[in-house]
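Good morning, colleagues. I should like to take a few minutes to go through one structure with you. Please have the sequence and the coordinates open as I speak.

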Amino acid sequence: MTQLLYQTDSYLKEFEAKVASVLPAERAVILDRTAFYPGGGGQPCDFGILMVEDTTYPVDKVKKQGDDVLHFLAADGPLPSPGSFARGTLDWARRYQLMRTHTALHILCGTVFRDYGALVTGGEMEPGKGRLDFEFETMRGELVREIEASINREAAQGREIRVRILPREEAFQIPDLIRTKINLLPQGITHVRTVEIVGLDLQADGGTHVRDTNEVGTIRIVDYKSKGAINKRIYIAID
Ligand SMILES: [Zn+2]
């Protein structure tokens, strides 16, 4: 089982860990703790490097498997041994861009729900850009500039982003979480991690976010597509 350090500190760029096990066929290692985000919830995984003893391994893919996080080592050569001491370093430029992008998408989600009552059905992101799909019957091209102005107002407010890990029963008491389909969470999950943009948005979410909406900077709506009468897709980009 890997302890997920990014869940409580998304600004952790470097960390120390122990190699818990090695999967030679996949050239992957499982660490006892990690700051690498393994991907999920629309946010791609982190990249970076792992130093074990005197060898530096580029990490070019990270994946969750059950309770473990697998770090795939890009270089050839001998793999580290279980029990070794490791030091991980994230590709911080990529990760920070993903944090700003992810928070920008939550600002969009919260603003569109507050102003138009439209719910998100899906999304995707890369560093610096992303999209959300909405059930948003009244959406039309003319609203794009209005929504863009609103989300930038929210970003510039400097709203705090609060992350909490709650017992399942407690999370289920929060009315705001119900709309984000928290009730679809698998039975076995005992705790729910919530990400709140104070005063704007609250979601069950496993991703990494900035701590203040000011860090997002300017958000541009770069495209909008109607995918039918109900389903609308909004594309954003940040600098
Ligand atoms: Zn999210």
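**Ala28 and its surroundings**

Leaving out residues up to four places away in sequence, Ala28 touches Ser21, Val22, Leu23, Leu70, His71 and Phe72. Before I continue, please note that this is a predicted model. Ala28 belongs to strand β3. Is Ala28 buried or exposed? Its relative accessibility is 0%, and Ala28 therefore counts as buried. As for a position further along the chain, the C-alpha atom of Ala28 is separated by 9.2 Å from that of Lys61, with the two positions 33 residues apart in sequence numbering.

**The barrel**

Let me now place that strand in its wider setting. Six strands close into a barrel, in the order β2-β3-β7-β6-β5-β8, and their pairing is antiparallel. From one strand to the next, the twist averages 45°.

I shall take the pairings in turn. Strand β2, residues 14-23, is joined to strand β3, residues 28-31, by four bridges, and the two run antiparallel. Within this pair, Val19 stands opposite Leu31 of β3.

Strand β5, residues 48-52, pairs with strand β6, residues 55-65, in the antiparallel sense over five bridges. Here Gly48 has Val59 in β6 as its bridge partner. The two strands form a hairpin with two residues between them, and in the turn Glu53 has a positive phi of about 50°.

Strand β6 also pairs with strand β7, residues 68-73, again in the antiparallel sense, over six bridges. Val59 stands opposite Leu73 in β7, in addition to being the bridge partner of Gly48. β6 and β7 likewise form a hairpin with two residues between them, and Gly66 in the turn has a positive phi of about 60°.

**The zinc site**

I turn next to the metal. Which protein atoms serve as donors of the zinc ion? They are NE2 of His102, NE2 of His106 and OD of Asp205, lying 2.0 to 2.1 Å from the ion. Along the chain, the donors follow the spacing H-x3-H-x98-D. Distant parts of the chain are linked in this way: His102 is in helix α1, residues 92-116, whereas Asp205 is in the loop between β13 (201-204) and β14 (219-226), 103 residues away. Both His102 and Asp205 are buried.

His106 is likewise located in helix α1. With a relative accessible area of 4%, His106 is buried, because the cut-off for that term is under 20%. Not counting residues up to four places away in sequence, His106 touches Val195, Ile197, Asp201, Gln203, Asp205 and His209. The side chains of His106 and Asp205 are also joined by a polar contact of 3.1 Å.

**The nonpolar cores**

Finally, the interior. In soluble globular proteins, nonpolar side chains tend to be buried together. In this model, the largest nonpolar core has 32 residues, of which Leu108, Ile147, Ile219 and Ile234 touch the most other members. At least two residues of this core come from each of α1, β10 (129-135), α2 (143-156), β12 (191-197), β14 and β15 (231-238). The largest share, eight residues, is supplied by α1. Apart from this core lies another, of 22 residues, including Leu4, Leu5, Tyr6 and Ala17.

To close with one residue, Ile147 is in contact with Leu108, Val112, Tyr116, Phe136, Met139, Ile221 and Ile234, neighbours within four places in sequence being left aside. Thank you for your attention.

Notes
Residues are numbered from 1 along each chain as its sequence is written. This is a predicted model: local features need pLDDT of at least 70, side-chain atom pairs count only at pLDDT 80 or more; totals for chains, interfaces and linings use all residues. Side-chain values use heavy atoms; hydrogens and water are left out. Two strands pair if DSSP finds at least two bridges between them. Axes are lines fitted to C-alpha atoms, for helices over the stretch in contact, and angles run from 0 to 180 degrees between N-to-C directions. Buried means under 20% relative accessible area, exposed over 50%, partly exposed in between (1.4 Å probe, protein chains only). Contact means heavy atoms within 4.5 Å. Donors are N, O and S atoms within 2.8 Å of the metal (3.2 Å for Na, K and Ca); water is not among the atoms, so sites may look incomplete. A polar contact is a pair of N or O atoms within 3.5 Å; within protein, one must be able to donate a hydrogen and the other to accept it, and residues adjacent in sequence count only if both atoms are side-chain atoms. A nonpolar core is a set of buried Ala, Val, Leu, Ile, Met, Phe, Trp, Tyr and Cys residues joined through side-chain atoms within 4.5 Å.
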